[in-house]
Amino acid sequence: MIRTRTPLFAILAVTLCAASADAHHSYGAYFEDRTVSIEGTIESMRFANPHVTFELRTDAGEIYTAEWQNLIQLRHGNVGPDTLKAGDRVVVIASPPRDPSSHKITLLREVRRPADGWLWRRTTRQ
């Protein structure tokens, strides 16, 4: 009886893990077919998986959280932990949230630093 349960539990565990990984990449809370452009100053950066994130303060004082790609994808795009830092002024083009009260943007398509012309463009889907 134990021999038949072990494979069954293994299959169940793999199925549940795959389902949760797929759910992590759901962008149902965002308009994937629309973009917003937000300009502001980076308040903080978190260069870690599962996604690099940064806080952006607009001139109006609003704080946005930008969810970027993962470390590996960004490193392939020549973005490292020292590429952007707090105090940098950037323009971000990304998908807006469906909830207008949310200040979180994702599926970044472009990040630009006007001061020196640095530019990153998405080459893959998040």
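I will talk through the aromatic cluster, the strand pairing around S5 and two buried loop residues in this predicted model.

Let me begin with confidence, since it bears on how much of the model we can discuss. The protein averages a pLDDT of 83, and 74% of the residues score at least 70. Over residues 10-23, however, pLDDT stays under 50, and for that stretch the model has zero contacts beyond four places in sequence. Where pLDDT is low, the predicted coordinates should not be read in detail. I will therefore leave residues 10-23, where pLDDT stays under 50, out of what follows.

Now to the aromatic residues. A search of the whole structure finds two aromatic pairs. In one of them, the ring centres of phenylalanine 54 and tryptophan 68 lie 5.7 Å apart with the planes at 75 degrees, and because an angle over 60 degrees counts as edge-to-face, that is how this pair is classed. Phenylalanine 54 sits in strand S2, residues 53-57, while tryptophan 68 belongs to the loop between strand S3, residues 63-67, and helix H2, residues 71-76, so that the pair links distant parts of the chain, 14 residues apart. Both phenylalanine 54 and tryptophan 68 are buried.

The other pair brings together tryptophan 68 and tryptophan 120, whose ring centres are 5.2 Å apart and whose planes stand at 90 degrees, so this pair too is edge-to-face. Here the separation along the chain is 52 residues, from the loop between S3 and H2 to strand S6, residues 118-121, where tryptophan 120 is found. Tryptophan 68 has a relative accessibility of 1% and therefore counts as buried, and tryptophan 120, at 5%, counts as buried as well. Taken together, Phe54, Trp68 and Trp120 form one aromatic cluster.

Next, the strands, and in particular S5, which spans residues 104-113 and is mostly covered, with seven of its 10 residues buried. S5 pairs with S3 in the parallel sense over two bridges, and in that pairing threonine 65 has lysine 104 of S5 as its bridge partner. With strand S4, residues 89-95, S5 runs antiparallel, and four bridges join the two. S5 also pairs with S6 in the antiparallel sense, again over four bridges.

Which residue of S5 is the bridge partner of valine 91? That residue is arginine 112, and arginine 112 also stands opposite leucine 119 in S6. S5 and S6 form a hairpin with four residues between them, and in the turn glycine 117 has a positive phi of about 80 degrees.

Finally, I would like to look at two loop residues. Threonine 58 lies in the loop between S2 and S3, and at 12% relative accessibility it counts as buried. Setting aside neighbours within four places in sequence, threonine 58 is in contact with Ile38, Glu39, Gly40 and Tyr64.

Aspartate 88 is placed in the loop between H2 and S4, and its relative accessibility of 9% means that it, too, counts as buried. With the same neighbours set aside, aspartate 88 is in contact with Gly40, Thr41, Ile42, Thr83 and Arg113. As for the last of these, aspartate 88 and arginine 113 are 25 residues apart in sequence and 7.3 Å apart in space, C-alpha to C-alpha, and a polar contact of 3.3 Å joins their side chains.

Notes
Residues are numbered from 1 along each chain as its sequence is written. Side-chain values use heavy atoms; hydrogens and water are left out. Rings of Phe, Tyr and Trp (its six-membered ring) pair if their centres lie within 6.5 Å; planes under 30 degrees apart count as stacked, over 60 as edge-to-face and the rest as tilted. Buried means under 20% relative accessible area, exposed over 50%, partly exposed in between (1.4 Å probe, protein chains only). Two strands pair if DSSP finds at least two bridges between them. pLDDT is the predictor's confidence in each residue, from 0 to 100. Contact means heavy atoms within 4.5 Å. A polar contact is a pair of N or O atoms within 3.5 Å; within protein, one must be able to donate a hydrogen and the other to accept it, and residues adjacent in sequence count only if both atoms are side-chain atoms.
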